[in-house]
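Work through the exercises below with the sequence and the model side by side. Try each task before reading its solution.

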Amino acid sequence: MDELNAKSLTALVGLTPAKACTCPLRPCAGWESFTEERWPKAQMRRLGTLRDPEVYEPTQEEHHPNGTRYASPDAPIAVDFFPCNVSDVYACDTCERVLLRYTEFGGYYVDHRVRELDARLVV
Ligand SMILES: [Zn+2]
């Protein structure tokens, strides 16, 4: 899988202007929780990952220099920080949106999270 960084990530969005979405995921400007059944597997293309294979335990630290929070729609998409640093990058073939996705593993649950990529927020 391709390893992506802030620059290549931004380039992905530049190439694919977003259209109105027809896929079942609701608008997800901030990190949204979803169930696997709602993930439109057939139309999702995996573009690469933001995980660094050299790093065994990626940092859990988040990056919010301007007072945003985890789920803020305007929170920076900081590729070296959680949760971008554990995310894979997908494109929807139908609406051409680029999405970041990762899975949180709790003691008794698995929580999938998705966020739409906004190139203006990538740092
Ligand atoms: Zn879509």
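**Exercise 1. Describe the connection between β3 and β4, and find the turn residue with a positive phi.**

Solution. The model is predicted.
- Step 1: β3 and β4 form a hairpin, with five residues between them.
- Step 2: E96 sits in the turn and has a positive phi of about 65°.
- Step 3: Check the pairing. β3 and β4 run antiparallel over four bridges.
- Step 4: Pick out a bridge. Y90 has L99 in β4 as its partner.

**Exercise 2. Identify how β2 and β3 pair, and over how many bridges.**

Solution.
- Step 1: The sense is antiparallel, and there are five bridges.
- Step 2: Look for partners in β3. G48 bridges to V89.
- Step 3: R46 bridges to Y90. Y90 also has a partner in β4, namely L99.

**Exercise 3. Write down the strand order of the sheet and name its edge strands.**

Solution.
- Step 1: Count the elements. The protein chain has one helix and five strands.
- Step 2: Read them from the N terminus. The run is α-β-β-β-β-β.
- Step 3: Now order the strands in space. The open sheet reads β1-β5-β4-β3-β2, with antiparallel pairing.
- Step 4: β1 and β2 are the edge strands, as each pairs on one side only.
- Step 5: Add the twist. Neighbouring strands are turned by 35° against each other on average, direction ignored.

**Exercise 4. Is β3 largely enclosed or largely open, and why?**

Solution.
- Step 1: A residue counts as buried if 20 or more other C-beta atoms lie within 10 Å of its own.
- Step 2: Four of the five residues of β3 are buried, so the strand is largely enclosed by the rest of the structure.
- Step 3: Set this beside the protein chain, where buried residues make up 22% of the 123 residues.

**Exercise 5. Find the residues that touch the most other members of the largest nonpolar core.**

Solution.
- Step 1: This core has 14 residues, and V89, L99 and L117 touch the most other members.
- Step 2: Trace the contributors. β3 (88–92) and β4 (98–105) are the elements that give two or more residues.
- Step 3: β3 supplies the largest share, four residues.
- Step 4: Put the core in context. In soluble globular proteins, nonpolar side chains tend to be buried together.
- Step 5: List the contacts of V89, leaving aside neighbours within four places in sequence. They are L4, L9, L47, G48, T49, L50, V98 and L100. Of these, G48 is a bridge partner of V89.

**Exercise 6. Locate W39 and explain why it is classed as partly exposed.**

Solution.
- Step 1: W39 lies in the loop between β1 (32–34) and β2.
- Step 2: Its C-beta count within 10 Å is 18 other atoms, so W39 is partly exposed. The buried class needs 20 or more.
- Step 3: W39 touches F34 and M44, not counting residues up to four places away in sequence.
- Step 4: Compare a distant pair. W39 and D74 are 35 residues apart in sequence and 23 Å apart in space, C-alpha to C-alpha.

**Exercise 7. Assess the overall dimensions and the confidence of the model.**

Solution.
- Step 1: The C-alpha trace spans about 35 × 35 × 30 Å along its principal axes.
- Step 2: Among contacts between residues at least 6 apart in sequence, 65% join residues at least 24 apart.
- Step 3: Mean pLDDT is 89, and 93% of residues reach 70 or more.
- Step 4: Confidence is lowest in helix α1 (residues 6–15), at a mean of 81, and highest in strand β2 (residues 44–49), at 95.

Definitions and conventions. Residues numbered from 1 in each chain as written. Predicted model: local features only at pLDDT ≥ 70, side-chain atom pairs only at ≥ 80, totals over all residues. Core = buried A, V, L, I, M, F, W, Y, C linked by C-beta atoms within 7 Å. Buried ≥ 20, exposed ≤ 12 C-beta atoms within 10 Å, placed from the backbone. Contact = placed C-beta atoms within 7 Å. pLDDT = per-residue confidence, 0-100. Pairing = 2+ DSSP bridges. Axes fitted to C-alpha atoms, helices over the stretch in contact; angles between N-to-C directions.
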